[in-house]
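User: Please pick one part of this model and look at it closely. I would like to know how it is built and what surrounds it.

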Amino acid sequence: TVVWEPIAAIAVGTAVALLVFVNELASAQGEVNVNDSEHNLIGRKNIMNLRNVGADGSTIVYRFAGQLMYINAQAHKAAIEQFGDNILLIVFSLRNLFYMDADGAQTFAEIIDVLHEQGKTVALAGVNEIVLPRLERTQWYHDLVEDGLVFDTTSDALHELKHVNSVEHES
């Protein structure tokens, strides 16, 4: 019993540490900038605290950080589903996204489809060279490139898409 109990304690401790680690990985990491119709910054929020995000704005800059993969993609999807109906333009900044697996790319495609169905304009900015090969294997990325909705920087995207909010407000 002297040998068995330390082994059991190590096994339980390892399992608990693994669960804590997986739970940390499963959380969405990033930041959301809320902008008004002129694309002026109204406020910043951590992805973990998105109550009433965009209540006063019409443009969101969603900045991914870290990875987008099977274990945390649904957390990002849930965060994005909290955007209000008044949000007309969403720019996804991928500058700090350093890894994307096939499940992450598929969930990202689902997110973009849902946003398009809601009549929102979606753009990508600052696509990291590390995830670019994964994106280039998807049709939705090529569609965004064809539509001129992939930009080098977030500032470029906001400048080029200034018309999105004004056109929507006129109709």
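Analyst: Buried means under 20% relative accessible area, exposed over 50%, and partly exposed in between, with a 1.4 Å probe and protein chains only. This is a predicted model: local features need pLDDT of at least 70, side-chain atom pairs count only at pLDDT 80 or more, and totals for chains, interfaces and linings use all residues. Residues are numbered from 1 along each chain as its sequence is written, and side-chain values use heavy atoms, without hydrogens or water.

The part chosen is helix 3, residues 102-117. Helices (H or I, at least four residues) and strands (E, at least two) are DSSP runs, numbered from the N terminus. The expected span of a helix is 1.5 Å times one less than its number of residues. For the 16 residues of helix 3, that gives 22 Å; the end C-alpha atoms are 23 Å apart, which agrees.

Now the ends. Asp101 caps the N-terminal end of helix 3, with a side-chain oxygen 3.2 Å from the backbone nitrogen of Asp103. A polar contact here is a pair of N or O atoms within 3.5 Å; within protein, one must be able to donate a hydrogen and the other to accept it, and residues adjacent in sequence count only if both atoms are side-chain atoms. After helix 3 comes Gly119, with a positive phi near 80°.

Next, the buried side. Gly104, Ala105, Thr107, Phe108, Ala109, Ile111, Ile112 and Leu115 are buried in helix 3. Their cover includes strand 3 (59-68), helix 2 (73-80), strand 4 (89-100), strand 5 (121-125), helix 4 (132-136) and helix 5 (139-146). Contact means heavy atoms within 4.5 Å.

Thr107 is buried, at a relative accessible area of 7%. Beyond four places in sequence, Thr107 touches Ala73, Gln74 and Lys77. Farther along helix 3 is Ile111, whose C-alpha atom is separated by 8.4 Å from that of Glu81, 30 residues away along the chain. Glu81 sits in the loop between helix 2 and strand 4. Its relative accessible area is 55%, so Glu81 is exposed.

Phe108 deserves its own look. Its relative accessibility is 0%, so Phe108 counts as buried. Leaving aside neighbours within four places, Phe108 is in contact with Phe64, Leu68, Phe92, Leu94, Met100, Leu124 and Trp140.

A nonpolar core is a set of buried Ala, Val, Leu, Ile, Met, Phe, Trp, Tyr and Cys residues joined through side-chain atoms within 4.5 Å. The largest one has 40 residues, of which Phe92, Leu94, Phe108, Leu124 and Trp140 touch the most other members. Among the elements that give two or more residues to this core are helix 3, strand 5 and helix 6 (154-160). Strand 4 gives the largest share, seven residues.

Last, the rings. Rings of Phe, Tyr and Trp (its six-membered ring) pair if their centres lie within 6.5 Å; planes under 30 degrees apart count as stacked, over 60 as edge-to-face and the rest as tilted. The whole structure holds six aromatic pairs. Phe64 and Phe108 make an edge-to-face pair, 5.4 Å centre to centre with 70° between the planes. Phe64 lies in strand 3 and Phe108 in helix 3, so the pair ties together parts 44 residues apart in sequence. Both Phe64 and Phe108 are buried. Phe108 also pairs with Trp140: the centres are 5.0 Å apart and the planes at 65°, so this pair is edge-to-face too. It links helix 3 with Trp140 in helix 5, 32 residues from Phe108. Trp140 is buried, with a relative accessible area of 11%. Tyr62, Phe64, Phe92, Phe108 and Trp140 form one aromatic cluster.
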